[in-house]
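Student: I have a model open and would like to learn how to read its features one at a time. Where should I begin?

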Amino acid sequence: MSADLFVRNLEDFENPRLVPLGDGFHLSAFFLMKLLPARYMLDQAVARGELSPGGLICESSSGTFALSLAMLAARQGFRLLIVGDWALDTDLRRRLRQLGTDIDIVDEPHPTGGFQLARLERLQHHLQRNPGSYWPSQYSNPDNPASYAKVAAHLIDRLGRIDCLVGPVGSGGSMSGTARYLRYLFPNLTVIGVDTFHSALFGQPNALRQISGLGGGIVPDNVDHTQFDEVHWLSAAEIFKAMHELHSRHGLFMGPTSGASYRVAQWWSMTHPGKSVVAFGPDEGHRYVNTSYDDDWLARTIEGWDQPASLAPVEIASPTETLTGWSRFPWARRRLADVPPPPPPRA
Ligand SMILES: Cc1ncc(COP(=O)(O)O)c(C=O)c1O
């Protein structure tokens, strides 16, 4: 069997399954969403001569991008070094090592940029020590959002008109890229980004977060703020409850970021009858069996787990507010710098 055929086999996992969850409401359920941008970035790097056969790939990731690169590197004969942090759980570390990946874990956050910046600083060290190594740089590489043209085409092909796209934002590649392509056909598409408390992406003061793959301590170039009509923030407890509901009500065993986008899209669907909405579900639940799918872990670790979940968001006046529950801000396709500062405190 030729090497080409193996690569095409992994490409078979790139398109999401579209699962109807309500009237006009579909979950775009990926096996592993990051397989698509990872494959596209490597293909483009090879085409540009930035990555040679058997070359070393270095990347900072604590989750699905690392796993996707590791699967592709194993198939295509590249070496891979991943800089990760606490979020890279022991099961995933084992799996990466079995795929032949070297792992370097950062233990301390950067004083202002959190773990994300600490990982990027360590990565620079590895790139300098390994001349000729390739850094896909999912946070700033334009090939990351560009790869989602394929997803946009698939959604249009399968669903026809789409009124609203909802999804979690991490590097920004999936939502910014898909929105950009869908708007060629649907300029009035409503795009809703889902983030979590204490994430700097849409202006929250940065602090430690409990959700991997969602939000971040620094704002990536690939977050195109001008694509977003609305931004919603959910607490860790709200996200995990939504993930459990997706499983118990619909039989879909997905990860926390899928729960986050499900919760927001379900609300949008109920408040916009007759409209069509797609929610991104970036990965499956297996990686979270010992954490957010474990009731004891949830009760021990997650603040507010024993409290009822909010049924609708509260509209906030500024993204910098201290949030106590599911919150929503009418972003209106603005740049981050154009979002107004918080209102002065009342006298
Ligand atoms: C599980 C999961 N969901 C969502 C995202 C966010 O996707 P994007 O980086 O395209 O914004 C990520 C990013 O790593 C992820 O790992």
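Student: Which elements make a right-handed β-α-β unit here?

Tutor: This is a predicted model, and in it strand 4, helix 4 (residues 90-98) and strand 5 make the right-handed β-α-β unit. The two strands of the unit, strand 4 (residues 79-84) and strand 5 (residues 102-105), run parallel and are joined by four bridges. To find the register on screen, take Gly 84, which stands opposite Ile 105 in strand 5.

Student: What is the order of the open sheet of three strands?

Tutor: The order is 3-4-5, and the pairing is parallel. Strand 3 (56-60) and strand 5 each have a single partner strand, so one side of each is left without a neighbour in the sheet. From one strand to the next the twist averages 15°.

Student: How many bridges join strand 3 to strand 4?

Tutor: Five, and these two strands also run parallel. Glu 59 is a useful marker, as Ile 82 in strand 4 stands opposite.

Student: Which helix packs on this sheet, touching strand 3, strand 4 and strand 5?

Tutor: Helix 5 (residues 114-129) does, and its direction makes about 165° with that of strand 3. When you look at side chains on such a sheet, keep one general idea in mind: in a regular strand they alternate between the two faces.

Student: Now the other sheet. In what order do its eight strands come?

Tutor: Read across the sheet, the order is 1-2-9-6-7-8-11-10. This sheet is open too, but its pairing is mixed. An edge strand is recognised by pairing on one side only, and here that applies to strand 1 (17-22) and strand 10 (314-315).

Student: How do strand 6 and strand 9 run, and how many bridges join them?

Tutor: They run parallel, with three bridges between residues 164-168 of strand 6 and residues 277-281 of strand 9. Within that pair, Leu 165 has Val 278 as its bridge partner in strand 9.

Student: Which strands does helix 8 lie across?

Tutor: Helix 8 (residues 173-185) lies across strand 6, strand 7 (190-196) and strand 9. Relative to strand 6, the helix runs at about 165°.

Student: Next, the ligand. Which of the residues around it come nearest?

Tutor: There are 17 residues around the ligand, and Gly 170, Ser 171, Ser 174, Gly 213 and Thr 257 come nearest. To see where a shell comes from, sort its residues by element: helix 3 (64-76) and helix 8 are the ones that give two or more. Helix 8 supplies the largest share, three residues.

Student: How do the residues of that shell divide into nonpolar, polar and charged?

Tutor: Ten are polar, six are nonpolar and one is charged. You can also sort the shell by domain: domain 1 (3-32 + 142-311 + 319-327) and domain 2 (35-129) each give at least three residues.

Student: What separates the centres of domain 1 and domain 2?

Tutor: Taken over C-alpha atoms, the centres are 22 Å apart. In the contact there are 22 residues from domain 1 and 24 residues from domain 2.

Student: Which helices each supply at least two residues of the side of domain 1 that touches domain 2?

Tutor: Helix 1 (3-11), helix 6 (143-146) and helix 7 (149-159). The largest share, four residues, comes from helix 1. By class, that side of domain 1 has eight nonpolar, eight polar and six charged residues.

Methods
Residues numbered from 1 in each chain as written. Predicted model: local features only at pLDDT ≥ 70, side-chain atom pairs only at ≥ 80, totals over all residues. Pairing = 2+ DSSP bridges. Contact = placed C-beta atoms within 7 Å. Axes fitted to C-alpha atoms, helices over the stretch in contact; angles between N-to-C directions. Near = placed C-beta within 6 Å. Nonpolar A, V, L, I, M, F, W, Y, C, P; charged D, E, K, R; others polar. Domains from an automatic or database assignment. Right-handed = clockwise from strand over helix to strand, strands pointing away.
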